[in-house]
Amino acid sequence: MPKARPATKILLDSGDPEETLHIKNLLGYVDGQTTNPTYVAKNPEVQQFLTSGGRFTAAQQNEEYRKIVRQISPLVGSAGVSIEVFADFNTRAEDMLAQGEEMFGWIPNAYIKYPCLPEGLRAAQMSVQRGIRVNMTLCFSQAQAAAVYAATKGTKEPAYVSPFVGRLDDRGEDGMSLVANIKKMYANGDGHVQVLAASFRKVDHLLQSFALNAELTTSPVKILEQWAAAGTPIPGKDFSYTAVDSKGNALREIPYKELDLNASWDSFDLHHELTDIGIKRFVADYKSTLKSAA
Ligand code: E4P
């Protein structure tokens with residue numbers, strides 16, 4: 001008898017279609033997949049090309065990314081494939097939108113990832129008005145999630161917001177408490193934004209996301225293998241999550257804030273240090289595969 005599936009969607013965090021197939025064989029399904037510049041750089045074919053001394057032009061890199069997501073696209077379910085635009089601190093919303101429009105045409109089930117920067121929010125607002133599905137990435141604060149809600153109001157299809165749990169845990173803050181806060185805040189809204197809990201470091205992140213009723217999760221292959229090996233448990237509200245880091249030290253809970261979802265998106269404080277660090281890391285990984293710094 002097939003095992004019960006959680007109400008929370010299971011996405012794979014990876015840029016390797018072979019991993020998609022592997023997890024699909026293991027679980028019987030993969031609801032969707034999230035990619036990013038780091039995962040594209042880690043793709044085995046890309047790695048082989050780099051090891052043999054090859055480097056892409058920006059156009060070749062784009063073509064490679066397209067090839068990868070086209071392989072993944074038919075393997076996944078309704079949560080689609082998230083494709084990330086190139087964005088540094090100078091990238092204008094119009095440029096992100098142009099990339100997003102092109103990428104959205106690559107496959108029928110694309111979600112376009114824009115960063116939780118002011119220009120990323122502006123690009124998201126223009127995108128949803130054009131029917132482009134979005135996944136707002138590098139989310140580290142409740143204020144950013146409130147801005148995502150406000151910027152994507154009126155979208156025909158749900159927008160995703162991706163709180164990065166593990167990177168908060170990495171610096172001593174309880175990333176799962178951010179997911180809980182966003183879910184609580186969105187309970188006052190119209191449901192047009194879905195929470196895609198991301199940046200997982202352990203199976204407990206997945207299990208606590210189920211308990212918090214996150215609509216979606218994305219996990220690296222190792223975590224889904226561990227979950228499968230444990231018999232794909234699906235704990236509910238009664239799951240007892242221990243907010244500790246990898247050494248067992250207690251993580252600091254992130255306090256809940258009362259925020260007005262009806263305020264305009266640019267009235268929220270969008271700055272978060274980890275978003276800036278995340279942008280720098282994605283830019284470096286993107287450029288690591290290129291012939292010359294683009
Ligand atoms: C998902 O969309 C993210 O890109 C991903 O979960 C990042 O995770 P990391 O913190 O392990 O890089």
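The dialogue below explains how to read several features of this structure, which is a predicted model.

User: I should like to begin with strand β4. Is strand β4 largely enclosed or open, and why?

Analyst: Strand β4 is largely enclosed by the rest of the structure, because 6 of its 6 residues are buried. Strand β4 covers residues 110-115.

User: How should I read the directions of its side chains?

Analyst: The general idea comes first. In a regular strand the side chains alternate between the two faces of the sheet. In this structure, Ala110, Ile112 and Tyr114 point one way from β4, while Tyr111, Lys113 and Pro115 point the other way. The residues of both sets are buried.

User: Which strands pair with β4, and in what sense?

Analyst: Strand β3, residues 80-84, is joined to β4 by 4 bridges, and the two run parallel. Within that pairing, Ile83 has Ile112 of β4 as its bridge partner. The chain passes from β3 to β4 through helix α5, residues 93-104, in a right-handed β-α-β crossover. Strand β5, residues 134-139, also pairs with β4 in the parallel sense, over 4 bridges. Two positions show how β4 and β5 are matched: Lys113 stands opposite Asn135 in β5, and Pro115 has Thr137 in β5 as its bridge partner.

User: Which helix belongs to the β-α-β unit of β4 and β5, and what is the handedness of that unit?

Analyst: Helix α6, residues 118-129, belongs to that unit, which is right-handed. A further right-handed β-α-β unit is made by β5, helix α7 (residues 142-151) and β6. Strand β6 spans residues 159-163, runs parallel to β5 and is joined to β5 by 3 bridges. Cys139 has Pro163 in β6 as its bridge partner.

User: How many residues of β5 are buried?

Analyst: In strand β5, 6 of the 6 residues are buried, and the strand is mostly covered. Leu138, found in this strand, deserves attention for its backbone: its phi is positive, about 55 degrees, although Leu138 is not a glycine. Leu138 has a relative accessible area of 0% and is therefore buried.

User: Where else is there a positive phi in a residue other than glycine?

Analyst: Asn213 is such a residue, with phi near 60 degrees. Asn213 is found in the loop between α10 (203-211) and β8 (216-219). Asn213 has a relative accessibility of 44%, so this residue counts as partly exposed, whereas Leu138 is buried.

User: Why do Cys116 and Cys139 not form a disulfide?

Analyst: The test is one of distance: a disulfide requires cysteine sulfur atoms within 2.5 Å. The sulfur of Cys116 has its closest cysteine sulfur in Cys139, at 4.7 Å, and therefore the two are too far apart for a bond. The count for the structure is 0 disulfides. Cys116 is buried at 0% relative accessible area, and Cys139 also counts as buried, at 0%.

User: How far apart are Asp276 and Pro115 in sequence and in space?

Analyst: The two residues are 161 residues apart in sequence, and their C-alpha atoms are 9.7 Å apart in space. Asp276 lies in helix α12, residues 273-287. When neighbours within four places in sequence are set aside, Asp276 is in contact with Phe89, Leu117 and His271. With His271 there is a polar contact between side chains, at 2.9 Å.

User: Where is Thr232, and is it buried or exposed?

Analyst: Thr232 lies in the loop between α11 (221-229) and α12. Its relative accessibility is 13%, so Thr232 counts as buried. Apart from residues up to four places away in sequence, Thr232 touches Lys3, Leu27 and Trp227.

User: Which residues surround the ligand?

Analyst: The surrounding residues are Asp13, Thr34, Asn36, Lys113, Phe164, Arg167, Ala198, Ser199, Arg201 and Thr218. Among them, Lys113 has already appeared as a residue of β4.

User: How should I read the distances between polar atoms and the ligand?

Analyst: One looks for a polar side-chain atom and an atom of the ligand, and then reads the distance between them. A polar side-chain atom of Asn36 lies 2.7 Å from a ligand oxygen atom. For Ser199, a polar side-chain atom is likewise 2.7 Å from an oxygen atom of the ligand. In the case of Arg167, an N or O atom of the side chain is 2.8 Å from a ligand oxygen atom.

Methods: Residues are numbered from 1 along each chain as its sequence is written. This is a predicted model: local features need pLDDT of at least 70, side-chain atom pairs count only at pLDDT 80 or more; totals for chains, interfaces and linings use all residues. Side-chain values use heavy atoms; hydrogens and water are left out. Buried means under 20% relative accessible area, exposed over 50%, partly exposed in between (1.4 Å probe, protein chains only). Two strands pair if DSSP finds at least two bridges between them. A crossover is right-handed if, with the strands pointing away from the viewer, the path from the first strand over the helix to the second runs clockwise. Contact means heavy atoms within 4.5 Å. A polar contact is a pair of N or O atoms within 3.5 Å; within protein, one must be able to donate a hydrogen and the other to accept it, and residues adjacent in sequence count only if both atoms are side-chain atoms. A residue is near a molecule or strand if one of its heavy atoms lies within 4 Å of it.
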